[in-house]
Amino acid sequence: MTKPILKVENLKKYFPVKRGLLGALRGEPPKFVRAVDGVSFEVYKQEVFALVGESGCGKTTTGKLVMKLLEPTDGRIYLEGKDVTDLKTQEEIKAYRRKVQMIFQDPFSSMNPRFRIYDVLEEPLLIHGIGETRAEREELIYKALEMVKIVPPEDYVGRHPHMLSGGQRQRVAIARALILNPTFIVADEPVSMLDVSIRAEILELMKELKEKMGVTYLYITHDLSTARYFADWIAVMYLGRIVEMGPARVVIDNPIHPYTRALLAAVPEPIPERRNIIKELPIKGEVPSAINIPPGCRFHPRCIYMERGLCDVKHPQLVEYEHNHWVECWLAGKI
Amino acid sequence: MAKTVLEVKDLKMYYFTSRGVVRAVDNVSFELKKGEVLGLAGESGCGKSSLGFTLMGMPTPPGKIVGGSVKIDGREIVGLPEDVLRREIRWQKISMIFQGAMNALNPVYTIGYQMIEPLIYHRGMEKEEALDRAMRYLELVGLSPEIVYRYPHELSGGMKQRVVIATALILEPDVVIADEPTTALDVVVQAQIINLMKKLKKELGLSMIFITHDLSILAEISDRVAIMYAGKIIEIGDSQKIYYEPAHPYTQKLLAAIPRLHEDVDKLEFIPGQPPNLIKPPSGCRFHPRCPYAMQVCREQEPELKEIDKDHHAACWLL
């Protein structure tokens with residue numbers, strides 16, 4: 001069995017909520033937003049692991065924890081077998097960032113508008129001291145741009161970000177992440193702001209880079225269709241926990257958790273015959289606040305199968321329902 | 001035969017900017033029948049939202065209607081003075097559900113106050129009567145009537161979107177324009193809102209123009225679909241035909257670019273290049289620089305929409 005590139009163990013991140021003066025005087029206990037509440041997963045080389053969920057489920061926070069942009073409240077992160085949870089010195093963090101890079105959602109605001117494309121790509125090289133001479137760096141920059149099909153690179157290096165289209169900008173963002181030759185890329189909704197036609201182009205590019213260069217991705221998205229297309233593994237998150245995890249096709253074609261089923265039922269599909277049918281959505285109510293997480297199974301107030309005395313009392317654990325297919329539900333297999 | 005509630009002919013709306021004239025809506029014609037949902041799709045910048053605002057008689061400055069006609073229930077609205085538009089047309093005859101419900105409501109007024117405003121202004125109702133009606137409309141969109149006393153920040157995104165829908169319907173307009181009504185919402189809430197719109201369509205016989213960039217959502221609700229590219233409708237017809245027998249290369253490519261949930265797709269198609277600059281659109285067919293089948297004639301002459309089947313028109317020289 002190969003070793004995972006990234007391993008996350010029981011990761012937690014609680015954000016404190018400000019108490020009012022009155023609350024502090026009354027001695028109310030401090031409250032927390034439990035954004036990520038005990039998440040564990042492993043990502044293997046050259047695979048794409050998708051974290052899927054609605055806004056506020058903790059998927060982006062998990063990505064930021066992996067990127068070490070946030071300090072976890074509890075839990076451990078391992079990269080290539082090495083514990084990287086408590087990197088203290090600047091050098092350690094720098095060495096880590098060289099291996100783990102990020103692609104952001106919004107290509108319009110993730111680049112300094114006053115930089116030329118050349119500067120955008122040179123900055124990581126300068127920070128990490130790669131390329132002794134200008135000529136060496138230039139070659140790396142040209143190579144990175146060619147890799148993401150910004151060709152001919154000579155035509156683009158002198159431009160500013162606003163002179164590129166959204167798709168081109170996102171490709172430059174990918175080039176910026178790739179230029180350090182990282183082992184791992186966190187891609188947070190990299191295509192959600194792009195038009196359909198460009199979205200396909202970026203997904204194709206990311207897929208190609210995975211196959212050619214052996215890049216491993218943590219793909220954070222709310223879109224199950226692109227997750228199925230791009231990812232090898234899918235983990236569905238709800239209120240800070242992974243409720244179902246498995247190979248992408250298995251999770252989508254044979255969902256076990258009631259929440260996964262509801263999410264899948266809600267995905268619109270380009271099938272016009274269904275236009276006059278009201279869709280059955282097997283879910284009630286709305287997502288509760290992550291400050292007041294329901295007792296028992298955190299999905300129980302919205303679950304249509306909820307069993308009183310069980311689901312609303314005891315918290316289920318993520319268990320292996322079938323080989324490689326993990327589900328956190330008391331009723332797994334019974335509904 | 002259902003009655004035609006909206007008739008648009010050769011509509012032109014240009015933005016007069018300092019850099020030149022942007023032909024955002026250029027010779028657009030279509031009809032909308034009573035009780036029908038027409039889906040309007042295209043990439044960002046294709047003019048679909050501009051068209052929506054133009055139909056409301058309020059092109060965003062520096063936009064101006066340059067030509068053509070828009071008839072709502074037989075009445076021409078192009079060229080009507082602003083006060084007539086405001087008093088007699090907007091919200092009464094044609095209303096709009098805006099993109100981003102979060103920003104469409106005023107945070108300092110209660111929901112009720114915002115909903116009864118058009119009733120008092122347009123129908124001269126007393127406050128109690130208007131409030132009563134607002135409550136009925138809130139129930140219709142699946143909300144509790146007490147919400148009239150709440151403020152926008154007390155509601156979730158999905159609830160706010162429902163309020164915006166109720167407000168757009170409260171004067172019983174002939175035509176409703178929904179501009180990306182679900183884009184900012186999560187998948188489950190989005191599906192609930194689509195369900196609500198289907199229900200309203202059935203119960204109230206709504207005639208609606210549904211604008212979105214997402215062809216999957218469009219398929220969930222539209223009876224007919226129009227695809228826009230660079231300010232023009234390039235294909236329009238019955239939605240079954242558009243989805244299963246797309247005629248225009250652009251429509252074909254757009255559909256092939258959608259990842260499917262339950263099918264394995266080896267390779268997604270994409271359209272190389274980007275939508276053209278509308279100040280200086282390409283000669284001939286505006287899609288030709290990105291079209292894999294482009295021929296000499298495509299570069300020289302602009303194709304007209306022609307009928308290729310019953311209720312299915314496309315503008316392409318290949319047909």
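This passage introduces a predicted model, looking in turn at confidence, an annotated span, a covered helix and a pair of packed helices.

A good place to start is the confidence of chain A, where the average pLDDT is 92 and 100% of the residues score at least 70. Within this chain, the highest mean, 97, belongs to strand β3 (residues 48–52), while the lowest, 79, is found in helix α1 (residues 21–25).

According to UniProt, in an unreviewed entry, residues 6–264 of chain A carry the feature "domain: ABC transporter". Helix makes up 39% of this span and strand 25%, and the C-alpha atoms at its two ends are 27 Å apart.

Helix α10 of chain A, covering residues 258–266, is mostly covered, with seven of its nine residues buried. These are Pro258(A), Tyr259(A), Thr260(A), Ala262(A), Leu263(A), Leu264(A) and Ala266(A). Their cover includes several elements of chain A, namely α8 (224–230), β9 (233–238), β10 (241–247) and α9 (248–253). Chain B takes part as well, through α7 (187–204).

That helix of chain B also has a packing partner in its own chain: α6(B), residues 157–169, packs with α7(B) at an angle of about 20 degrees, the two axes being 10 Å apart. Because angles under 35 degrees count as roughly parallel, α6(B) and α7(B) are described as roughly parallel to each other. Their crossing is right-handed. On the α6(B) side, the residues in contact are Gly158(B), Gln161(B), Arg162(B), Ile165(B) and Leu169(B). They meet a set of α7(B) residues, among them Val189(B), Ile193(B), Leu196(B), Leu200(B) and Leu204(B).

Definitions and conventions
Residues are numbered from 1 along each chain as its sequence is written. Chains are lettered from A and ligands numbered from 1 in the order in which they are written. This is a predicted model: local features need pLDDT of at least 70, side-chain atom pairs count only at pLDDT 80 or more; totals for chains, interfaces and linings use all residues. Side-chain values use heavy atoms; hydrogens and water are left out. pLDDT is the predictor's confidence in each residue, from 0 to 100. Helices (H or I, at least four residues) and strands (E, at least two) are DSSP runs, numbered from the N terminus. Buried means under 20% relative accessible area, exposed over 50%, partly exposed in between (1.4 Å probe, protein chains only). Contact means heavy atoms within 4.5 Å. UniProt positions are given in the numbering used here, feature names are shortened, and annotations may be inferred rather than shown by experiment. Axes are lines fitted to C-alpha atoms, for helices over the stretch in contact, and angles run from 0 to 180 degrees between N-to-C directions. Angles under 35 degrees count as roughly parallel, over 145 as roughly antiparallel, 65 to 115 as roughly perpendicular and the rest as oblique. A crossing is left-handed if the near helix is turned anticlockwise from the far one by less than a right angle, and right-handed if clockwise.
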